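Here are a few exercises to work through with the model open beside you. Try each task before reading its solution.

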Amino acid sequence: DAADKGGWSSFMAKEINEQPEAIANTVRGRTAGRSVEIPELTALGDDRLRNIDRIIIIACGTASYAGQIGAYAIEQWARIPVDVQLSHEFRYRDPVLTDRTMVISVSQSGETMDTLMAVKYAIEQGVTTVSVCNTQSATIPRESDAAVYTHAGPEVAVASTKAFTAQITALFLIGLHLGRVRGELSTEALAEAVQQLEELPEKMRVAVDTHAEITQLAHWMADTRSVLFLGRHVGFPAALEGALKLKEIAYIHAEGFAAGELKHGPIALIDHGQPVFVLVPSPRTAPLMHSKVVSNIQEIRARGARVIAIVEVGDTAVLPYADEVIRLPLTDALFEPILQVVPLQWFALELSTAKGLDVDQPRNLAKSVTVE
Ligand code: G6P
C-alpha cells in the first residue's frame with residue numbers, strides 16, 4: 001500500500017529515489033585507507049585470485065548490462081580479460097573453462113533459474129565462482145565459492161533500478177580488489193577510484209533530482225512509438241539498459257546502439273522527429289570519445305533526429321545540436337553510466353505513467369524468473 005511506498009506513487013519511484021543509499025551501503029565496509037578490500041574475496045586466498053587468467057560474467061536482463069559495464073572496469077583495473085555472456089547461452093557454447101577461470105554471476109534475486117543453471121555448470125567444470133547478489137542467502141550465492149552482496153535493500157518493482165546501480169558498484173569494487181591483489185593498480189589510481197566511489201551517493205542524489213525535468217520531457221513525448229539510445233564504451237550498455245526499461249514498463253519499441261555502429265546500419269532508422277537519447281562521455285576525462293559522440297549527434301541531427309543529450313555539467317559542445325540537455329555531476333568516465341541511467345529510469349517510469357500503465361507490475365514479466 002501507499003505506506004510501503006514511502007509516499008511515492010510506485011515502488012519503482014521509491015526505489016529509484018533510494019539509489020544514493022543503495023550505493024553507499026554497497027560501498028560501506030569495503031573501502032578503508034584509500035584502498036578496497038572485500039573480505040569474501042580475501043577468503044578465497046590471494047594466490048587463487050592472482051592465478052585467475054580469465055573472467056566470465058553471466059547474468060540475464062538488467063543484471064547482464066551491469067555485467068557489461070563492470071567488465072570494462074575489471075579489465076581496466078585488474079588487467080584480466082573479461083567476457084560477458086547471457087546465462088541461458090553460456091553452457092550451450094561449450095565454453096572454454098579451466099581452473100584459472102573465474103565466473104562471476106550477477107543476479108538481484110539470486111534465484112533466476114537460467115543463471116543458477118549456468119553457475120551449477122561452472123561449478124561442475126571446477127572454476128572459481130563469485131556471486132554478486134542482492135538477496136541474502138539466496139540459492140546462487142549459497143552455491144558459489146564467494147558471495148559479494150549488494151546492499152540495495154529489497155527491490156519490489158519488477159523493473160530493476162537500485163539493484164542495477166548497486167551491481168555496477170559491486171563489480172567496480174571487485175575490479176579494484178583484484179587490481180590491488182594482482183599489483184596492477186598504483187596507490188594513486190586506487191585512491192582516486194575509492195574517492196569516486198565515496199562521492200557517488202551525493203552525485204546520485206543530483207541524478208535522482210532530474211525527475212522534474214524528465215517528467216516534462218515524458219509529458220510531451222507520451223505518444224512516442226519508438227525511442228533510440230546511443231552510447232559509447234560504458235555508455236553502450238547503459239544505452240541498452242535505457243531501452244530495456246522502456247520496453248519493460250512503457251511497452252514502447254526501443255533500441256540501444258553503440259554510437260560508432262550507427263553508420264554501419266542503424267542510421268537508416270533516423271527520420272524526422274525520431275527521439276534519440278545520447279549518453280555523452282565526459283569531455284574532461286574522455287575527450288576523444290566525447291568528440292566522437294558529438295560528431296554522432298551532428299550526424300543524426302542532420303537527418304532530423306530529436307536529440308536528448310545526457311551530459312556532464314559544463315559540457316557546452318553539444319548545446320548547438322541538442323533539443324534537450326540533461327546535466328549530471330562531474331565524475332570519471334568509467335563511473336558515468338551509474339548516473340546516466342537514472343534519468344533513463346525516470347523516463348521509462350514517466351512514460352509508463354503517462355500511458356496509464358502499471359509501473360510496478362508490467363504485463364508478461366516476473367520479478368524473478370524461476371524457470372529455464
Ligand atoms: C527478470 C526481471 C528483470 C531482471 C532479470 C534478472 O527478467 O524481469 O528485471 O533483470 O529477471 O533477474 P535477477 O534477479 O537474476 O537479477
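The exercises below deal with a predicted model, beginning with a sheet and ending at the ligand.

**Exercise 1.** Work out the strand order of the five-stranded open sheet, and find which strands stand at its edges.

*Solution.* Start with the order, which reads β9-β8-β10-β11-β12, with parallel pairing. Next, look for strands that have a single partner: these are β9 (253-258) and β12 (324-328), so each of them has one side without a neighbour in the sheet. Finally, check the twist: on average, neighbouring strands are turned by 20 degrees against each other, direction ignored.

**Exercise 2.** Take strands β10 and β11 and find how many bridges join them.

*Solution.* First locate β10 at residues 275-279 and β11 at residues 306-312; the two run parallel. Counting the bridges between them then gives five. For one pair you can point to, go to Phe277, whose bridge partner in β11 is Ile308.

**Exercise 3.** Determine which strands helix α12 touches and which strands helix α14 lies across.

*Solution.* Begin with α12 (residues 235-250): this helix packs on the sheet against β8 (226-231), β9 and β10. The direction of α12 makes about 175 degrees with that of β9. Then turn to α14 (residues 336-354), which lies across β10, β11 and β12 and runs at about 135 degrees to β12.

**Exercise 4.** Describe the residues that surround the ligand.

*Solution.* Count the shell first: 16 residues, the closest being Gly61, Ser107, Gln108, Ser109 and Thr112. Sort them next, into six nonpolar, nine polar and one charged. Lastly, ask which element gives the largest share. That is helix α5 (residues 61-78), with three residues.

Key. Residues are numbered from 1 along each chain as its sequence is written. This is a predicted model: local features need pLDDT of at least 70, side-chain atom pairs count only at pLDDT 80 or more; totals for chains, interfaces and linings use all residues. Two strands pair if DSSP finds at least two bridges between them. Helices (H or I, at least four residues) and strands (E, at least two) are DSSP runs, numbered from the N terminus. Axes are lines fitted to C-alpha atoms, for helices over the stretch in contact, and angles run from 0 to 180 degrees between N-to-C directions. Two residues are in contact if their C-beta atoms, placed from the backbone, lie within 7 Å. A residue is near a molecule or strand if its C-beta atom, placed from the backbone, lies within 6 Å of it. Ala, Val, Leu, Ile, Met, Phe, Trp, Tyr, Cys and Pro count as nonpolar, Asp, Glu, Lys and Arg as charged, and the others, Gly among them, as polar.
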